[in-house]
Amino acid sequence: MLSSSPEETEALAGRIAQELRVGDVVTVAGELGAGKTIFVRGACRALGVTAPVTSPTYTIGHRYEGEPDVSHLDLYRFTGVSAAEWGDLEPYFEAAIVFVEWPEAAGSALPAARLHVRLEHVDPTTRSIRLDGADARLVERLGRADPGVRHRNRPGDERTRRRR
Ligand SMILES: Nc1ncnc2c1ncn2[C@@H]1O[C@H](COP(=O)(O)OP(=O)(O)O)[C@@H](O)[C@H]1O
Ligand SMILES: [Mg+2]
């Protein structure tokens with residue numbers, strides 16, 4: 001899929017989030033500036049999170065109150081997760097939907113993800129968004145609609161916010 005604006009990426013993420021449930025882990029991969037945090041923000045909004053959603057810079061993660069709660073991990077600084085470090089992460093996985101930026105860093109320590117999202121730069125405002133996962137029907141369903149057609153948001157459009 002192609003997204004031609006941050007708003008489209010948020011809207012797409014919101015639509016995906018509505019298919020998720022407590023315990024689901026979603027990896028969000030892509031280079032710096034690809035839109036991983038924008039994607040997680042859109043998902044959070046759709047799950048009722050009203051708190052600001054920003055990259056966890058000084059901590060490894062944020063946990064936001066929503067319906068259900070949403071955890072947002074950023075493993076950028078990790079090179080493999082040790083058992084001790086894993087102990088710190090475990091609470092983020094309890095009774096929440098979990099989005100993980102830079103999942104590569106965790107190696108095999110992460111619980112199995114239900115969905116893998118990969119964002120890539122196409123041009124300054126366009127990103128390709130690819131979905132993958134063991135549940136082929138879920139991936140097919142989520143990948144079917146073109147976000148650019150279904151969510152042609154303009155700045156100030158209420159559509160994204162209405163999903164709260
Ligand atoms: N189609 C798009 N989708 C997502 N972000 C976009 C898009 N076009 C431009 N951007 C910009 O790219 C940047 C993505 O930042 P961010 O989500 O923090 O990236 P990451 O978390 O992957 O490092 C933002 O400044 C955003 O405005
Ligand atoms: Mg980020």
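These are my notebook entries on a ligand shell, a helix and some paired strands.

**Ground rules.** I'm working with a predicted model, where local features need pLDDT of at least 70, side-chain atom pairs count only at pLDDT 80 or more, and totals for chains, interfaces and linings use all residues. Residues are numbered from 1 along each chain as its sequence is written, while chains are lettered from A and ligands numbered from 1 in the order in which they are written.

**Ligand 1.** I looked up who sits around ligand 1 (near means a C-beta atom, placed from the backbone, within 6 Å). There are 18 residues, and Thr-9, Gly-35, Lys-36, Thr-37 and Ile-38 come nearest. I sorted the shell by class and got four nonpolar, eleven polar and three charged residues. For the classes, Ala, Val, Leu, Ile, Met, Phe, Trp, Tyr, Cys and Pro are nonpolar, Asp, Glu, Lys and Arg are charged, and the others, Gly among them, are polar. At least two shell residues each come from α1 (6–17), α2 (36–46) and β7 (126–132). Helices (H or I, at least four residues) and strands (E, at least two) are DSSP runs, numbered from the N terminus.

**Helix α1.** Is α1 largely enclosed or not? Ten of its twelve residues are buried, so α1 is largely enclosed by the rest of the structure. Buried means 20 or more other C-beta atoms within 10 Å of a residue's own, with C-beta atoms placed from the backbone. Among the buried ones I found Glu-7, Thr-9 and Leu-12.

**Strands.** I checked pairing next (at least two DSSP bridges between two strands). β2 (25–29) and β6 (115–123) run parallel over four bridges, with Val-28 opposite Val-117 in β6. β6 and β7 pair antiparallel over seven bridges, and a two-residue hairpin joins them.
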